[in-house]
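Reader: I should like to take a close look at a single part of this structure, namely the pairing of strands in one chain. Would you please describe that part with care, and then set out what lies around it?

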Amino acid sequence: MDVKLNIKRFDPEVADPQPYWEEFTVTIEDNGTVLDALIKVREDSDGAFSLRCSCRSSICGSCAVRINGHAGLACKTQAATAIKDGVITVEPAGNMPVIKDLVVNFDSFWDKINEIEPYLKPEGPEPEAEYIASNEAMLHLSDVTSCIMCGSCFSDCTVLEVDPTFLGPAALAKAYRFTADPRDGDENGLSIDRLEELNKPTGMWDCTRCMECVTACPKGVAPMERIMALRDQAMEAGFTNTNGARHTEAFSDSVEHSGWLDELRLVPKSVGMTNVSALIGYAPIAIQAITHGKMPPIIHKKLPQSKNVGKIFDKVDGPEERGRRR
Amino acid sequence: MKYAFFPGCVSRGGCPELYPATKLICEKLGIELQEMPAASCTGAGVLQEKNELLGDTLNARTFAMAEALDLPILTICSTCQGVMSQANHRLKNPEYLAKVNGFLAEEGLEYKGNANPKHLLWVLIEDVGLDNLLKLITRPLAGMRMAPFYGCYIVRPTDALEFEDNPGRETALEQIIETIGATVVDFEGKTRCCGFPILTINEKNSMAMVGKHTSEAKDLGADAMITPCPLCHLNLDSFQPKAAAQAGRDIGLPILHMPQAIGLAMGLSPKEMGLQRHIVNTKPLITQLGVGAV
C-alpha cells in the first residue's frame with residue numbers, strides 16, 4: 001500500500017532554523033503502522049530524518065507523536081485507519097521543545113515525574129515481614145501502573161499548553177499510583193503529605209477535565225480520572241480550603257437541595273464568601289451580566305420533586321455511605 | 001418529531017438567550033419539545049469527581065423519566081451531552097444498572113437502559129437531516145466566516161459518544177456551518193478546552209485559553225465563532241474582554257450559540273435570537289448580515 005505522509009520537520013543545524021512541512025510517499029504492507037511508514041521514510045527517502053522508536057509493540061513508549069493533530073504511539077496506529085483526505089499528518093509531540101524533526105526534549109516531563117517523588121514512602125512502623133497489599137488494592141492500581149511514560153498525555157494537555165508550571169496528567173496519575181497504594185503513607189495507607197503537596201497551585205485542581213489525556217493515552221491509564229480521584233482523596237482528607245474544593249462542594253450542595261445549579265451563588269462560594277478582593281474582581285463581570293440581561297435568576301427556585309434528588313444524595317453519598325467507602 | 005427536552009442549567013441561567021432561541025428554531029424544524037421539569041442537573045463532571053455513582057444515578061433518573069414519556073432525549077449543551085453519554089455508557093453494565101435502579105426505586109422509577117440522549121447538533125444531522133434543514137434556510141449566511149468550537153464533552157471520549165457508529169459526529173458543526181451558508185474557518189483550537197471549568201480555580205490559565213482560541217480564530221479571518229456548548233459560550237463571550245486584556249490585544253470575536261446561527265439563517269431576527277444579550281458586541285456581525293439593528 002502506498003502511504004502519503006505530511007511530516008512537520010525541524011533542523012536545528014541550519015541558519016535561522018524554522019519548522020517546515022515535507023511530503024513523502026512510501027510503500028508499506030497493507031496492515032503496516034504509521035511507524036512502519038516513518039521508518040521507511042528514513043530508510044528510503046531521507047537518512048537524516050529523525051524519530052525515536054524501539055520496541056514497535058507499544059511497550060517502550062518511545063514513538064509518541066501527533067498523528068492528525070492528536071498524540072499517540074506511531075507503532076500502535078494502523079496507517080490505513082490514519083489516512084485523512086489521502087494523507088497522514090505527523091508532527092512531534094506537543095508541549096515539549098523540538099530537538100530535531102519528531103524528536104522532542106522530555107526534560108520537563110521527567111522533572112514533573114521526579115517532583116511527585118515517584119517511589120513508595122511508608123510512614124508507619126516497619127512491619128516484621130514484607131509490606132502487605134491486598135489483591136484488590138493492586139488490581140485497582142493495575143491501570144495506572146500500565147503507564148509507559150510515552151508523553152502522549154503530556155503532549156495534548158490543554159493546561160500545559162498555556163501553563164508549563166502545571167504538574168500535568170502523567171505526573172498526577174503517577175502520584176495517584178502512590179496515594180492509592182496501601183503501603184504508602186501512614187499505617188492506614190493515607191498519604192497526607194503527598195495530598196498536601198498535590199493540593200497546592202499547579203497541582204490537582206488546575207486540570208480542566210478536558211479529557212485530552214484520556215483520549216491520548218495508549219495504555220488506558222486515563223490520567224484525568226486519576227486526577228479526579230486525587231481530588232476526592234484530598235477533600236476526604238480534609239483539604240477543603242481551595243477554590244476547587246469549595247467549587248465542588250457548592251455545586252454539589254446546590255444540586256442536592258434544589259435539583260439544579262445555582263450559578264449566581266457558585267462563584268462567590270467557590271472563591272470564598274470572605275475573599276473580598278476576589279469578589280470585587282468579579283464585580284465588573286456581574287455588572288456587565290446585569291446590563292445585558294444575562295444575570296442568572298436572583299431567586300433560585302427549587303425544581304419540582306427536588307426532595308427526591310436530595311434523597312438520592314443521602315442514599316449514594318450520605319455520611320454512612322462515605323464512611324463505608326473509606 | 002418529538003423529544004424529551006433537557007435544556008441544562010446554563011441555558012436557563014447564565015446564557016438565558018439560548019433557551020428561547022432553541023425553542024424558536026425547533027418550532028420551525030417541526031421538533032416538539034416535551035419538558036421534563038423534575039429532571040436534575042447532570043452533575044457536569046463536577047459531581048462526578050466527588051462521586052461518580054451519584055452522578056450516574058441522577059442521570060439514570062432523567063433517563064427513566066424520558067423512558068416513561070417514551071421519548072428520546074434532546075439536549076442543547078455539549079457538557080450535558082457528554083456527561084449523559086458517559087453515564088449511559090457505564091449503565092450498559094447490567095449489574096451496575098441494577099445497583100443504580102436500587103436507588104431510584106423509592107421514587108417509583110426504573111431505567112431500562114434504552115435512553116439515547118442526543119444533542120440538537122446530532123439530531124439535526126441524524127434525525128432531521130441536513131437536506132431538510134437546508135429547506136428552511138431562507139437567509140443563508142453567505143460570506144460569513146465561522147469558526148467551530150465544540151466543547152470537550154461532545155468530542156471526547158469517542159467510545160461513550162459512539163463516534164464509530166455515527167461517523168458524522170466528528171465534523172457535525174462544520175456540516176451545520178456549511179448548511180447555513182457560511183464558510184468554515186478551521187483552526188487548531190476547535191476541539192480544545194475553553195477553560196471554563198477552572199475559571200474560579202485558576203483564572204489566569206482559564207483566560208489564557210479563551211485568549212488563545214478566540215485570537216487564533218480571529219487571526220484566521222473568522223467573523224464569528226459558533227458553539228453547541230453554553231458553558232464554552234460563557235467563558236468565550238462573557239470573559240472575552242478580560243481574556244483580551246490579559247493577552248494585551250483586541251479580539252472582539254462574537255460567539256454564537258449554534259441555534260442562534262441557525263435561527264439567523266432561517267430568517268429569525270437578531271433580537272429573537274437574543275444577540276443583544278451578548279457581551280462581545282454583535283452589532284458589526286448584524287450589519288454584515290444586513291438584517292437590521294438588534
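Author: In this predicted model, strand S3 (residues 64-67) of chain A pairs with strand S4 (residues 70-73) of chain A in the antiparallel sense, over 4 bridges. The two strands form a hairpin, with 2 residues between them. One residue in that turn, A:Asn68, has a positive phi of about 50°. Across the hairpin, A:Val65 stands opposite A:Gly72 in S4(A).

S3(A) is also joined to strand S5 (residues 88-92) of chain A by 3 bridges, and these two strands likewise run antiparallel. Here A:Val65 has A:Pro92 as its bridge partner. A:Val65 thus has a partner in S4(A), namely A:Gly72, and another in S5(A), namely A:Pro92.

In a regular strand the side chains alternate between the two faces of the sheet. In S3(A), A:Ala64 and A:Arg66 point one way, while A:Val65 and A:Ile67 point the other way. What is the burial of these four residues? All of them are buried, A:Arg66 included.

A parallel arrangement is found in chain B, where 4 strands form an open sheet in the order S6-S5-S7-S8. Strand S6 (183-184) and strand S8 (255-257) of chain B stand at the edges; each has a single partner strand, so one side of each is left without a neighbour in the sheet. Within the sheet, strand S5 (residues 145-148) of chain B is joined to strand S7 (residues 224-227) of chain B by 3 bridges, and the two run parallel. In this pair, B:Pro148 has B:Ile226 of S7(B) as its bridge partner. Helix H8 (residues 172-179) of chain B packs on the sheet and touches S5, S6 and S7 of chain B, with a direction that makes about 165° with that of S5(B). Helix H10 (residues 230-238) of chain B packs on the sheet as well, touching S7 and S8 of chain B, and its direction makes about 160° with that of S8(B).

Finally, there is the meeting of the two chains. In total, 48 residues of chain A are in contact with 44 residues of chain B. Among the elements that give two or more residues to the side of chain A that touches chain B are helix H10 (223-236), helix H11 (243-258) and helix H14 (306-317) of chain A. The largest share of this side, 8 residues, comes from H14(A). By class, the side of chain A that touches chain B has 22 nonpolar, 15 polar and 11 charged residues.

Terms used:
Residues are numbered from 1 along each chain as its sequence is written. Chains are lettered from A and ligands numbered from 1 in the order in which they are written. This is a predicted model: local features need pLDDT of at least 70, side-chain atom pairs count only at pLDDT 80 or more; totals for chains, interfaces and linings use all residues. Two residues are in contact if their C-beta atoms, placed from the backbone, lie within 7 Å. Ala, Val, Leu, Ile, Met, Phe, Trp, Tyr, Cys and Pro count as nonpolar, Asp, Glu, Lys and Arg as charged, and the others, Gly among them, as polar. A residue is buried if 20 or more other C-beta atoms lie within 10 Å of its own, exposed if 12 or fewer, and partly exposed in between; C-beta atoms are placed from the backbone. Two strands pair if DSSP finds at least two bridges between them. Axes are lines fitted to C-alpha atoms, for helices over the stretch in contact, and angles run from 0 to 180 degrees between N-to-C directions.
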